[in-house]
Amino acid sequence: MGLLGENGAGKSTLMKILFGMDEIHQTGGYGGDIIINGEKVQFSSPIDALAKGIGMVHQEFSLLPDFTATENILLNREPLKYTVFSELFGERLNILDREKMDQIAERAIGRLKVPLDKDMMVSQMPVGHKQFTEIARELSKEATDVVEGIKLLVLDEPTAVLSEQEADSLLKAMRLLSESGISIIFISHRLQEIIDVCNTIMVMRDGQIIKTVPSQGVVIADIARWMVGRDVGSSKREARGFDYENTPVLLSLQNLWVDMPGEVVRDVSLDVHKGEILGIGGMAGQGKLGIPNGAMGLFPAGGKVIFEGKEIALNNPRHFLDAGMAFVSEDRRGVGLLLDESLEWNISFTAMQIQEKYLKRYLGGLLKWRDQAAIEEETESYVKQLEIRCTSTKQKAKELSGGNQQKVCLAKAFAVGPKLLFVSEPTRGIDIGAKSLVLKALRKYNEENGTTIVMISSELEELRAICDRVAIISDGKVFGILPATTDSAEFGLLMIGQKSQVLEGGSV
Amino acid sequence: MTLHMTKTQKLLRIMGNNMVPILFLVICAFGIPLSGYSANFLASEIVIRISRNSFLIVSLLIPILAGMGLNFGMTLGAMAGQIGLILISDWGIVGIPGIILAMIISTPISVLLGWWCGKILNMARGREMVTSYIIGFFMNGIYQLVVLYGMGAVIPVRSNALLLPRGYGIRNTVNLIGIRRALDDLLLIRLFGIPIPLATLLVITVLCLFILWFKKTKLGQDMRAVGQDMEVARAAGIKVEHTRIISIVISTVFAGYGMILYLQNIGTLNTYNSHMQIGMFSVAALLVGGASVSKANIRNVFLGVILFHLMFIISPMAGKNLIGQAQLGEYFRVFVSYGVITISLVLYEVRKKRDQHYVGLQLAADQEALQ
Amino acid sequence: MKLALTRTFWFRFVAILIILVFAVVLFFIGKQHTVLIDNKTVTVGGQEIRALQLVEIQIDNKDSMELAARDRDKEDVTGQKHSVTVIYTDSNWEEYTIERTFEVPLMQEMVLLSIPTLVANPEADQSLWLENYEPPTYAVTAADREEEVIIDDLSVLLTDI
Amino acid sequence: MNLQQLTSSAKGLVKSFGLPRIIIGLFLLSLFITAPFVGVNIGTSLSDTFNRFGMNAVMVLAMVPMIHSGCGLNFGLPLGIIAGLLGATISLQVNIPGPTSFLLAILFATPFAVILGWGYGQLLNRVKGGEMMIATYVGFSSVAFMCIMWLLLPFSNPTMVWGYSGTGLRTTISTEGYYRHVLNDFLSIQLTDHLTIPTGMLLFFALLACIIWAFLHTKTGTAMTAVGSNSVFARASGINVDKIRTLSVIMSTWLGAIGILVYQQSFGFIQLYMGPFYMALPAVSAILIGGASVNKASILNVVIGTFLFQGIVTMTPSVMNSMIHTDMSEVIRIVVSNGMILYALTRKAEVTR
């Protein structure tokens with residue numbers, strides 16, 4: 001069974017419900033029934049889900065680097081040899097039964113039929129083998145009197161991090177398992193895999209099941225459409241004609257690589273024209289977030305960034321900002337805000353440091369004094385302009401809601417008065433109202449001040465809504481650039497790494 | 001992921017990882033001739049130091065295993081041990097029975113203190129070391145409250161030899177004549193004129209064996225797991241907090257025993273000071289042995305005791321012969337002890353950073369390869 | 001934390017019990033006493049017993065000591081049960097050996113063993129010739145002067161370890 | 001209802017002011033109240049408190065810059081103190097009597113403070129996250145190192161070196177005839193025959209405090225606070241975090257140097273060798289008692305903290321002595337100060353995201 005859908009379509013939420021993870025219970029629980037082998041179940045915690053014989057392999061590994069495969073597979077489930085001390089100090093003082101551990105590990109690995117050395121340190125493993133170790137751990141959970149043997153295995157994007165051949169051997173292993181009577185829910189963005197390996201395909205969007213079809217005879221294009229939703233040409237928006245010939249290139253990235261954990265950019269080359277709004281989309285983990293973070297210099301990066309004809313030295317935000325660019329980070333709490341400080345500080349700080357705004361100068365500029373009045377004034381204006389809901393401009397940033405925090409981040413960037421503005425995931429985790437307001441603000445800012453905006457988002461529709469062009473990043477490279485007016489199915493294809501004929505025509 | 005390093009880089013890395021022991025070898029190599037001590041004298045001194053200190057140092061191993069860094073809170077154990085000793089010398093219990101009784105008394109105290117210490121350290125996650133260090137100071141205050149004002153007033157202590165003339169509180173120094181070298185002399189043999197306290201060494205060996213055995217147990221495995229990644233361990237259902245606390249408790253109890261063995265060798269208890277510096281010296285010795293904040297084993301302990309105390313023995317004499325001031329040597333060895341800890345702490349942090357940048361370096365390398 | 005009467009609990013319970021018992025035993029066998037051996041003329045129940053001219057004393061198996069008249073010596077012993085051997089020669093050079101065992105009260109620091117009394121009536125109960133002895137307190141306190149307590153003394157950092 | 005409001009507001013007050021501070025405050029208050037009944041002169045104890053306040057306040061102030069830049073509590077204060085000691089000894093060596101020597105001491109101390117502080121800062125930048133532990137040991141090892149230096153450095157002023165050997169500095173050197181009480185006696189006010197206020201010293205502290213306060217309102221000061229509050233944010237705003245941190249460390253070190261000089265001029269002696277060893281802990285706990293946390297501190301914290309801490313240190317011995325005829329002050333000091341540090345260390349861990 002293959003499960004797929006765009007980011008935020010509700011796949012992982014569904015799985016969390018299935019596992020009774022506590023964040024579900026905290027955030028208002030769920031309705032409906034889960035039925036396993038005809039009996040209705042209600043899991044209050046992952047543990048009793050496991051007890052029912054459901055295993056899950058998460059996207060990010062939970063392995064201990066300096067343990068061998070065996071030790072990881074049997075972590076906290078090691079078979080023990082009796083020692084007399086255990087009578088006194090509890091069974092934790094029993095000796096590990098290494099032989100038995102090896103046996104179990106071997107059996108588990110054997111079922112996968114993969115070349116996995118059970119005595120290899122995880123830290124030395126290629127990423128594929130780590131994946132196998134994770135799966136083997138689930139498989140090794142054999143039937144005991146309390147725990148049922150593994151029956152259902154959930155794989156959350158296992159192939160995302162794998163190379164081709166690794167993926168292949170994983171798929172093989174999956175087939176073996178399903179033949180051996182273990183049902184598998186396989187979440188992936190690589191449609192071809194899904195079609196190859198799965199019996200049934202289920203597509204989700206906006207928390208609903210769109211389609212559930214047998215995999216025979218399904219073509220990728222269909223799936224793409226189901227995923228992205230709207231049918232061909234149904235998108236309605238005022239496309240503003242933007243002629244690229246007569247507008248100079250403001251920023252051009254050349255062979256940019258960025259080491260941003262989870263969002264690695266391998267080799268990106270992009271031209272951004274003056275005054276346009278460029279959208280950058282793509283699946284999570286493909287590297288779209290890495291681009292602005294790298295260009296800004298928040299993460300180690302290499303390659304060329306040329307702004308207004310001169311090259312910007314990388315790995316130092318100062319140069320980036322001095323050049324007249326600004327960046328609204330996707331990580332509001334971590335990078336975007338001084339949570340413990342007032343709005344005034346948050347909004348004025350960058351401008352103050354970079355352009356020496358809001359400063360009184362004494363002793364011939366030797367002493368640069370913070371100009372409280374100017375700061376308040378500025379803050380007030382932005383609070384009005386962006387409708388930031390706050391008790392006062394003195395309020396601490398951490399007390400605001402996500403949406404308002406995002407507005408503060410924008411205000412911070414606007415205060416610098418940038419020529420080019422990177423906006424990363426501006427609508428992540430904020431309510432609909434705030435969303436549209438933020439997007440409007442961006443569009444307005446672009447039209448009034450002619451500021452070039454590069455907007456990174458995983459929500460294709462919002463990109464198509466306000467951008468002129470949308471570039472799709474896949475596997476750390478620009479996979480294609482299309483005018484925002486292009487039919488969303490095309491984007492869907494690009495996102496999942498399928499070249500299409502239209503692309504050549506569409507690309508600028 | 002393997003970033004290809006040149007031979008020199010590899011060599012430097014190895015040097016860096018063993019910098020401290022190498023440094024000490026050099027110091028000793030220069031110091032020994034300067035001090036002009038005979039090999040025989042040094043040998044016998046070293047043997048004494050090993051039998052005296054290694055138990056204390058071994059007690060540091062388990063928290064490191066559990067990823068809690070160097071347990072400066074071992075001072076707590078030392079205090080417990082001292083309380084045990086004070087009590088038995090008041091009761092006039094002597095010889096081996098005295099030592100064992102002192103250990104029995106110290107155990108519950110150590111367990112309580114250790115438990116409390118572990119709880120605190122769980123609250124101050126990420127900065128265990130500095131916290132355990134401060135805990136040492138804090139408990140020193142409580143210890144003084146008990147020993148200097150409690151004993152004789154609340155806790156019955158009768159012996160005039162122990163009590164201050166004012167009738168309560170223990171004197172600055174307590175003479176442990178009753179148990180002095182009781183264990184050492186139990187099985188004392190001489191090799192080439194070097195006295196070797198077999199009994200003590202035997203006890204230490206047993207402890208080492210215990211440590212080795214302990215690593216094989218489930219608990220040991222859990223501690224290793226917790227030490228590597230708490231979140232993963234928790235996800236696997238290991239009781240992380242509990243495990244961490246246990247590791248501290250064990251360490252504290254052993255520290256208590258270690259202190260008793262240490263003092264039975266010295267023969268006099270420096271009531272208000274003995275425990276304070278013991279933590280520092282043990283940690284220093286362990287680090288000198290090539291241990292790091294995250295990795296330590298029994299080999300480090302003994303290498304450490306030998307090198308560190310060799311330096312300790314020779315430096316005053318060396319100082320005297322060098323500049324004509326023994327005091328200089330004494331300051332020098334204090335400096336070295338602290339310096340060593342500083343260096344290895346710094347190295348540890350720096351290395352942590354370096355490993356984090358590892359991925360980036362690799363990516364860069366790939367890019368270079370491409371262009 | 002609730003108390004569960006599991007197997008482990010009982011094991012722990014017993015273990016702790018054993019340790020406690022062991023501790024008590026240690027207390028008994030490890031307790032140190034001082035036996036003062038005294039060879040002075042004493043008067044017991046009105047009649048005077050004269051000190052011996054020369055007598056050889058041995059407590060347990062420690063090396064024996066010789067006491068002339070009016071000598072006093074001491075021996076440190078651990079534990080409660082001990083034996084004393086008295087070897088002396090009377091006026092007509094005949095050698096006698098008296099061997100007795102005696103028991104020191106547990107919390108008694110010092111006992112005084114009067115040889116003449118013992119020799120005079122070797123069969124008598126130990127209470128006759130062995131009496132508890134309290135050291136005169138002034139002996140200790142006299143030496144005392146008010147000493148002030150040094151708490152955080154940094155010189156210890158320099159002292160040998 | 002009304003009662004509820006009252007209690008809630010009371011709770012709020014406690015929360016805002018911090019429970020431990022309230023407890024300590026009340027304790028001190030009770031000491032002051034009981035003092036006259038047990039025959040302790042309020043006047044003397046007050047002037048003692050003021051005196052000690054002045055002596056230590058600057059060293060407590062030395063915590064502020066490093067806390068602001070997120071370097072944590074400055075357990076490495078002894079480094080600064082050493083710079084101060086070097087300044088003091090050199091100024092005595094130059095042997096110009098009177099107040100001038102104090103200025104000279106500051107003058108000589110400054111370059112050392114800057115150099116040491118810079119190196120110290122470089123080190124701390126390499127060990128972000130583990131600052132406090134390393135700071136502690138940097139302090140200790142530098143003290144131990146200077147012990148060697150005090151023996152070897154070629155000082156010759158007879159008031160400083162050992163009489164018999166003629167080389168090597170004494171453990172304690174009197175500042176008599178040099179800058180002893182230069183600040184204390186400056187405009188000092190004699191209210192009663194017991195109560196005198198060392199105006200000069202307090203003014204000096206006020207001056208330094210104002211400088212720091214002002215600095216925190218400048219561009220760089222703002223940057224420093226931001227670095228401490230969220231270093232990633234600061235970096236994303238184009239600030240050179242390491243540079244700011246180094247600057248803060250230099251400032252702390254310098255203040256430490258000045259602090260010890262103020263201490264000496266009031267105390268009357270220069271304590272060398274192991275003298276500076278444990279001087280960091282009281283300063284650290286003082287600022288924490290004042291309500292600072294591991295990454296937030298204000299001048300107000302310094303003032304409150306120093307006053308409370310020194311108040312307790314001065315009051316407990318006298319009051320305790322006259323009450324129960326035993327001096328438990330030492331123990332109380334140790335427990336309170338270290339307990340406070342523990343409290344801060346654990347509390348910070350809870351709020352970290």
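In strand β19 of chain A, A:F422 is the bridge partner of A:F327. Helices and strands here are DSSP runs numbered from the N terminus, with H or I over at least four residues for a helix and E over at least two for a strand. This is a predicted model, in which local features need pLDDT of at least 70 and side-chain atom pairs count only at pLDDT 80 or more, while totals for chains, interfaces and linings use all residues. Residues are numbered from 1 along each chain as its sequence is written, and chains are lettered from A and ligands numbered from 1 in the order in which they are written.

The F327–F422 pair belongs to a parallel pairing: β16(A), residues 325-328, is joined to β19(A) by 4 bridges. Strands count as paired if DSSP finds at least two bridges between them. β19(A) also pairs with β20(A), residues 452-456, again in the parallel sense, through 5 bridges, and here A:L421 has A:I453 as its bridge partner. Between β19(A) and β20(A) comes helix α17(A), residues 432-449, and the three make a right-handed β-α-β unit; right-handed means that, with the strands pointing away from the viewer, the path from the first strand over the helix to the second runs clockwise.

β19(A), residues 420-424, is mostly covered, with 5 of its 5 residues buried. Buried means 20 or more other C-beta atoms within 10 Å of the residue's own, exposed means 12 or fewer, and partly exposed lies in between, with C-beta atoms placed from the backbone. A:L420, A:F422 and A:S424 point one way and A:L421 and A:V423 the other, yet all are buried.

Over in chain B, helix α12(B) tells a similar story: 15 of its 15 residues are buried, so the rest of the structure largely encloses it. The 15 residues of α12(B), 274-288, should span 21 Å at 1.5 Å a residue, and the end C-alpha atoms are indeed 21 Å apart; the expected span is 1.5 Å times one less than the number of residues. After α12(B) comes B:G290, with a positive phi near 95°.

Chain B also meets chain D, where 32 residues of chain D are in contact with 36 of chain B, contact being C-beta atoms, placed from the backbone, within 7 Å. On the chain D side, α6 (100-126), α7 (131-152) and α14 (329-351) each supply at least two residues. The largest share, 13 residues, comes from α7(D).

Key. Two residues are in contact if their C-beta atoms, placed from the backbone, lie within 7 Å.
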